[in-house]
Amino acid sequence: GVVFSRTEVDNYVMFEAKISETLLGNESLQLAMDGVLDSLSVGVTPEEFSFNEAGTMVVTKASWQELSLLPYGAFEAAKVERVAVQILHN
């Protein structure tokens, strides 16, 4: 699918996405509603960053490229809180 809006609120990101009406899209949506795919990850292109003393890249500015729905995420707090579905017909 395609993320068409996102809003940052405090330390959270809320988003709306159009899920493609395909077998994989429908399956992913159902797995999210069932709580199986309950984690998120973002893909970004770093634009401003530095490296800390441990050699870890610290990104301070990036452009958003993609959002992934996963069963396990890198960050415990990056969870799907709610799934709401609206069926639109062209």
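**Entry 1: the nonpolar patch.** I began with the nonpolar patch in this predicted model, to which strand 3 and strand 4 each supply at least two residues. I noted its members as Phe49, Phe51, Met57 and Val59, which together make a surface patch of about 370 Å². I then looked up Phe51, whose place is in strand 3; with a relative accessible area of 52%, Phe51 counts as exposed, because the cut-off for that class is over 50%.

**Entry 2: strands 3 and 4.** I followed the pairing of the two strands that supply the patch and found that strand 3 runs antiparallel to strand 4 (residues 57-70), with twelve bridges joining them. As one example of the register, I recorded that Thr45 has Ser63 in strand 4 as its bridge partner. The two strands form a hairpin with five residues between them, and in the turn I noted Gly55, which has a positive phi of about 90°.

**Entry 3: Ser39.** I turned next to Ser39, which is found in strand 3 (residues 39-51). Is Ser39 buried or exposed? I read a relative accessible area of 1% for Ser39, so this residue is buried, the limit being under 20%. Setting aside neighbours within four places in sequence, I listed the residues in contact with Ser39, among them Ser68, Leu69, Leu70, Pro71 and Tyr72, and also Ala78, Lys79 and Val80. The side chain of Ser39 makes a polar contact of 3.2 Å with the side chain of Asp38, and I found another polar contact, also given as 3.2 Å, between the side chains of Ser39 and Lys79.

**Entry 4: the salt bridge.** Since Asp38 and Lys79 had both come up as polar partners of Ser39, I looked at this pair and found that their side chains meet in a salt bridge, at 3.6 Å from N to O. Lys79 lies in the segment after strand 4 and Asp38 in the loop between helix 1 (23-33) and strand 3, so the pair ties together parts that are 41 residues apart in sequence. The count of salt bridges comes to one. I entered Lys79 as partly exposed at 35% relative accessibility, and Asp38 likewise as partly exposed, at 23%.

**Entry 5: strands 1 and 2.** I finished at the N-terminal hairpin, where strand 1 (residues 2-9) and strand 2 (residues 12-18) pair in the antiparallel sense over seven bridges. Here I recorded Met14 in strand 2 as the bridge partner of Thr7. Two residues lie between these strands, and Asp10 in the turn has a positive phi of about 55°.

Notes: Residues numbered from 1 in each chain as written. Predicted model: local features only at pLDDT ≥ 70, side-chain atom pairs only at ≥ 80, totals over all residues. Heavy atoms only, no water. Helix = DSSP H or I, 4+ residues; strand = E, 2+ residues; numbered from the N terminus. Buried < 20%, exposed > 50% of the residue type's maximum accessible area, 1.4 Å probe, protein only. Polar contact = N/O pair within 3.5 Å; in protein donor to acceptor, adjacent residues only side chain to side chain. Contact = heavy atoms within 4.5 Å. Pairing = 2+ DSSP bridges. Patch = residues over 30% accessible without salt bridge, like charges linked within 9 Å, V, L, I, M, F, W, Y side chains within 5 Å. Areas by Shrake-Rupley, 256 points an atom, 1.4 Å probe, with all protein chains shown as cover. Salt bridge = Lys/Arg side-chain N within 4 Å of Asp/Glu carboxyl O.
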